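Trainee: Could you take one helix in this chain and walk me through it slowly? I'd like to see how it sits among its neighbours.

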Amino acid sequence: MLGQSYFQLLNPLIVLTFSGGFLLLWNHARDIRSLLFFAASYFVGSCAMIADFFQFAMDPGFASLLLGTLYLSVSVFFCAGLYQLYWNRVPWKALTVSAAVLLFLYCLCRFSIDSVVPSAWIINIGVAALYSRALFDLRRHMRAGIHRILQGVAFAGVVALLLRTGAVFWHIGASMTADDYAGSLASVTLQLLFAVASLAMAAVLFIMYGMEILGRLKRSSETDPLTGVLNRRGFEARVAAFPDGLSPEATGHGLVIADIDGFKSVNDRFGHDAGDRVIARIARLLEDAAGEESLVARWGGEEFVILIPNGGEPLARFYAESVRTAAETIGHDCLKGAAVTISFGIAEWRRGDTLRSACGRADAALYEAKQAGRNCVRGAVKPPPLRLVEGVA
């Protein structure tokens, strides 16, 4: 009995640790609100297991009402976490009304019949129904990878809950009373199942959230914080994973280097804050004009590089001319309504060529555009000295 007591007290401590783990993750990613709901679910679950252990010291009626409320709350918070995770909203009305109806039926049956078996079936079937409805609603969002695993673990927990209830009460019989429940096989197996299911769910969720947070950190390290486009590291990483081949109809990839004209005077006249706002606005213009598969990166200061897959020089020139024309018409409030112009150098990354040499040609073309009076587009004509992308092949 002492060993069993230690075992039963260990379970709520483990579940409480999971709750703390979700809160710790939320502290690093506060926009992921579902973490709060899972933390609340595991915290209430820990309280339920402690109350279940100490129910021998409580009035049987009060213990039944407390445990029924706590276990239903665990399910409501967990389902809320699932809805928030996949829908970004929680159907609180449906969840709370369902839980209130279940609690009412549970109490009605529990206090009108001496046996606890019918009321136990009500609460267990109700909890299974809450989870099943959430899994059904979210099925389209849980079709692949770690999401499919979470769906499978949750469904297995629902099935195990119902099988455990049937097996326990078949073995014990239908005459168990509230006085017999504390420390019984029904109580111990419920806590064991709850602990195992909590561990399995938490493991999958921690892996899922860990992948999301690591992905965010990686994207953050590869993204320019001012503009939201790729930085040099991100561009080089994307290029390293770029398909080696070209489509049959393409002669090469289009490469564009863009530089905001007279940017030093913008900073000198209007301040660096205004300069930052201009850079961010131009970055959005460059990104909006590029296709979904194109890469747009801030290379440094007011300079950007754009890679257009299978576009060749013609598409690169069309892109540069359209952005150049649009930039002339955009007034910036931070510049008292004035516009800025952009110079472009374009080149073609051809078969058998390297990105390094293509960038060098585009950089030389940009220099020619600056020499020609700025606010124009120039194409590469001959291989120049390399300046732009040291170390990229």
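**A close look at helix α11**

Mentor: Let's go for helix α11, which covers residues 272-289. It has 18 residues and reaches 26 Å from its first C-alpha to its last, close to the 26 Å expected at 1.5 Å a residue; that expected span is 1.5 Å times one less than the number of residues. Before we go on, this is a predicted model, where local features need pLDDT of at least 70, side-chain atom pairs count only at pLDDT 80 or more, and totals for chains, interfaces and linings use all residues. Residues are numbered from 1 along each chain as its sequence is written, and side-chain values use heavy atoms, with hydrogens and water left out.

Now, which α11 residues are buried (under 20% relative accessible area, 1.4 Å probe, protein chains only)? They are A274, G275, V278, I279, A280, I282, A283, L285 and L286. An α-helix has 3.6 residues a turn, so residues three or four places apart point the same way.

And what do those buried residues pack against? Among the helices (DSSP runs of H or I, at least four residues, numbered from the N terminus), α10 (263-270) and α12 (312-329) are partners. Among the strands (runs of E, at least two), you'll find β1 (252-260), β2 (295-300), β3 (303-308) and β4 (342-350).

Zooming out, the chain has 13 helices and five strands, and buried residues make up 49% of its 393 residues. Take its contacts (heavy atoms within 4.5 Å) with a separation of 6 or more: residues 24 or more positions apart account for 70% of them.

Notes: Buried < 20%, exposed > 50% of the residue type's maximum accessible area, 1.4 Å probe, protein only.
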